[in-house]
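Hi everyone, thanks for making the time. I'd like to walk you through one model today, starting with a helix pair and then moving out to the loops.

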Amino acid sequence: MLGYARTKLAALGPGKAQVRHGDLYSLPLTESAADLVVMHQVLHYLSDPAAAIQEAARVLLPGGRLLIVDFAPHTLEFLREAHAHERLGFASNQVAQWLSDAGLQPMPARKLPPPAGTGGDMLTVSIWQARKPDPSSGSRRRAQSALEEIRR
């Protein structure tokens, strides 16, 4: 998957994005190193998804975003043994709580249900986004308002 992603990213040009292999609980990045962290279909494999979200929040720049794509709750128990799934999807309120606990500002979640008529073993995919607060953005808005007031 990393090779495929690197091939796709190479088409964007150098310096646009990076794909790295690493430990989700201890990312090989410094604090505030990333504009965007994407966790695509990985949380359901983890024993502690909340810790992985905490680590993603650590490496985000103020104003940066976290994007999580994973399964909504389901009952396909065979995925535990057949594909090593630790969890059978996630409730939106649980993920929102993990995001908040990590100091992030959750945005409304989206659900992508399977196409109609595809059968009972298709999964709904959920998309969660959150932003790391940028304390300086409030200061910038106040400074901008003060400048506008002076100009009047």
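**Two helices and their surroundings**

Let's begin where α2 meets α4: on the α2 side the contact residues are Pro 49, Ala 50, Ile 53 and Gln 54, and on the α4 side they are Trp 98, Leu 99 and Asp 101. Sorted by class, that contact has five nonpolar residues, one polar and one charged. Please keep in mind that this is a predicted model.

How do the two helices lie relative to each other, and how far apart are their axes? Helix α2 covers residues 49-59 and helix α4 covers residues 92-101; they pack at an angle of about 45 degrees, and their axes are 9 Å apart. An angle under 35 degrees would count as roughly parallel, and 65 to 115 as roughly perpendicular. The pair α2 and α4 is therefore oblique. As for handedness, α2 and α4 make a right-handed crossing.

Now stay with α2 for a moment. Which of its residues are buried? They are Pro 49, Ala 52, Ile 53, Glu 55, Ala 56, Ala 57 and Val 59. Pro 49 and Ile 53 also belong to the set that meets α4. The cover over the buried residues of α2 includes α4, together with strands β1 (34-40) and β2 (60-71).

Trp 98, on the α4 side of that contact, has an aromatic partner too. The structure holds one aromatic pair, and it is made by Phe 90 and Trp 98. Their geometry is edge-to-face, with 5.8 Å from centre to centre and 70 degrees between the planes. Are these two buried or exposed? Both Phe 90 and Trp 98 are buried.

Let me zoom out to the whole chain. There are five helices and five strands, and along the sequence they come in the order α-β-α-β-α-α-β-β-β-α. The chain has 152 residues, and 28% of them count as buried. If you take contacts between residues at least 6 apart in sequence, 65% of them join residues at least 24 apart.

Next, the loop between α1 (2-10) and β1, which gives us a few residues to look at. Leu 29 sits there, and at 27% relative accessibility Leu 29 counts as partly exposed. Leaving out residues up to four places away in sequence, Leu 29 touches Arg 20, Arg 58 and Val 59. Take Val 59 from that list: Leu 29 and Val 59 are 30 residues apart in sequence, and their C-alpha atoms are 6.5 Å apart in space. Remember that Val 59 is one of the buried residues of α2.

Asp 23 is in the loop between α1 and β1 as well, partly exposed at 42% relative accessibility. Its C-alpha is 9.9 Å from that of Glu 55, with their positions 32 residues apart along the chain. Glu 55 is another buried residue of α2.

What about the backbone? Most residues other than glycine have a negative phi. Ser 32 has a positive phi of about 60 degrees although it is not a glycine. Ser 32 is found in the loop between α1 and β1, where it counts as partly exposed at 26% relative accessibility. Gln 41 is also a non-glycine residue with a positive phi, here about 55 degrees. Gln 41 lies in the loop between β1 and α2, and it is buried, with a relative accessible area of 19%. The cut-off for buried is under 20%, so Gln 41 falls just on the buried side at 19%.

Finally, two histidines. Where is His 74? It lies in the loop between β2 and α3 (78-83). His 74 is buried, with a relative accessible area of 14%. Not counting residues up to four places away in sequence, His 74 touches Leu 79, Leu 88, Gly 89 and Leu 123.

His 83, by contrast, is in helix α3 itself and counts as partly exposed, at 45% relative accessibility. Setting aside neighbours within four places in sequence, His 83 is in contact with Tyr 45 and Phe 78. His 83 and Tyr 45 are 38 residues apart along the chain, and 8.9 Å separates their C-alpha atoms.

That's my tour; happy to rotate the model to any of these spots.

Key: Residues numbered from 1 in each chain as written. Predicted model: local features only at pLDDT ≥ 70, side-chain atom pairs only at ≥ 80, totals over all residues. Heavy atoms only, no water. Axes fitted to C-alpha atoms, helices over the stretch in contact; angles between N-to-C directions. Helix = DSSP H or I, 4+ residues; strand = E, 2+ residues; numbered from the N terminus. Parallel < 35°, antiparallel > 145°, perpendicular 65-115°, else oblique. Left-handed = near helix turned anticlockwise from the far one by under 90°. Contact = heavy atoms within 4.5 Å. Nonpolar A, V, L, I, M, F, W, Y, C, P; charged D, E, K, R; others polar. Phe/Tyr/Trp six-rings, centres within 6.5 Å; stacked < 30°, edge-to-face > 60°. Buried < 20%, exposed > 50% of the residue type's maximum accessible area, 1.4 Å probe, protein only.
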